Amino acid sequence: MRQTIIAGNWKMNGTRASAEALLGELIPLIANASAKVIVCPTSTALETVGDIIADTNIALGGQDLFWKAKGAYTGQISAGMLLDLGCEYVIVGHSECRGRFGVPEPDFTPTILAYFGDSDTTVNLKLRAALANNLIPILCVGETLQERQAGNTDSVVAAQTKAGLAEVSAEDAVEVIFAYEPVWAIGTGEVCASDEADRVCGVVRSAVAELYGSEVAEAVHIQYGGSVKPDNAIELLAKPNIDGALVGGASLKAQDFAAIVNAAP
Ligand code: PGA
C-alpha cells in the first residue's frame with residue numbers, strides 16, 4: 001500500500017507574509033493527515049516557509065532547479081542551495097517550464113503556458129542533479145491538448161517518463177515521485193476524468209516497469225495534477241494507480257488544500 005502524497009505547487013505567488021498567513025491556517029487543518037504533505041513555495045519564501053513548518057508534518061520542496069552546483073548561471077538555483085534551505089523535494093519538468101515561449105519545436109506545440117525552455121534532456125539533467133544531492137524529484141509528465149487529440153497521449157507520457165529517467169539507477173528511480181499532469185487540465189478548471197487519469201498514471205507505471213521491472217514500478221508514487229479541487233479529490237485519490245496529487249491553484253487556499261490532503265483514502 002503506497003502512502004498518498006499531496007504536494008502544493010504555489011508557483012509564482014505570495015510573499016513571506018502571505019505564506020505565513022496561509023500556513024497559519026493550514027497547519028492545524030492537516031495536523032492529523034494520513035497523507036504525506038509537501039509545499040513548494042516560490043524561492044523567495046522558501047526560508048520563511050521552512051522555518052514555519054520545521055516542527056510540523058509538512059515537508060518543503062522547490063519548484064525547479066538547475067543541474068550545475070554553482071557558477072555563472074544567472075537566475076538559477078542549485079540542488080545544494082535548495083538543500084541549504086531545508087528542501088527535501090523538488091519539482092522537475094513542470095509543463096510551464098518545458099518548451100519555450102514563442103519558439104515552435106517539432107515535437108512540442110508551444111502554448112503561452114510553456115516558458116522556460118526545458119526539454120527532455122534538461123529535465124533529465126535536473127532530475128539526476130536532484131537525486132545526486134538526495135533531493136527527491138517530482139517528475140512531471142503530460143500531454144498537450146493537441147497531442148491528446150492526435151491520439152498520442154500514451155506515447156508522449158511514456159516517452160517523457162523514460163527520457164526523464166535516462167541513466168538513473170533502479171535504486172534512485174524508486175525514490176522518484178511522478179506527476180501525471182495533462183497540460184490541458186492545468187489551471188483551466190478542466191479536470192481529467194478520474195478513470196482516464198488513473199489509466200494514464202498506469203501508463204507511467206508501465207513505462208517505469210519497462211525500465212526497471214515490476215517491483216520498482218509497484219513501489220513508485222504517481223500523482224495526478226491538473227485542476228485538483230476538494231470536490232474531485234476523493235474520487236481521484238481513490239483510484240488504484242493514483243497515489244497523490246500535485247495541486248496548483250487550490251494549494252493557495254488553506255481550506256481547499258486541507259480538504260484535498262484530508263481526502264486521502
Ligand atoms: P492547477 O495546477 O492545480 O492549478 O491546475 C497544477 C499544477 O500545475 O501542478
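This note goes through the ligand site and the nonpolar cores of the structure.

1. The model is predicted, so that local features need pLDDT of at least 70 and side-chain atom pairs count only at pLDDT 80 or more, while totals for chains, interfaces and linings use all residues. Residues are numbered from 1 along each chain as its sequence is written, and side-chain values use heavy atoms, with hydrogens and water left out.

2. Around the ligand there are 13 residues, and the closest are Lys-11, His-94, Glu-181, Gly-187 and Ser-227; a residue belongs here if one of its heavy atoms lies within 4 Å of the ligand. By class this shell holds four nonpolar, seven polar and two charged residues, with Gly counted as polar and Asp, Glu, Lys and Arg as charged.

3. The side chain of Lys-11 places an N or O atom 2.6 Å from an oxygen atom of the ligand, and an N or O atom in the side chain of His-94 is also 2.6 Å from a ligand oxygen. From Ser-227 a backbone N or O atom lies 2.8 Å from an oxygen atom of the ligand. Of the 290 Å² of accessible area that the ligand has on its own, the protein covers 97% (Shrake-Rupley method, 1.4 Å probe).

4. The largest nonpolar core (buried residues, under 20% relative accessible area with a 1.4 Å probe and protein chains only, joined through side-chain atoms within 4.5 Å) has 70 residues, of which Ile-6, Val-49, Phe-178 and Tyr-224 touch the most other members. Helix α8, residues 194-212, gives the most to this core, with eight residues (a DSSP run of H or I, at least four residues).

Notes: Polar contact = N/O pair within 3.5 Å; in protein donor to acceptor, adjacent residues only side chain to side chain. Buried < 20%, exposed > 50% of the residue type's maximum accessible area, 1.4 Å probe, protein only. Helix = DSSP H or I, 4+ residues; strand = E, 2+ residues; numbered from the N terminus.
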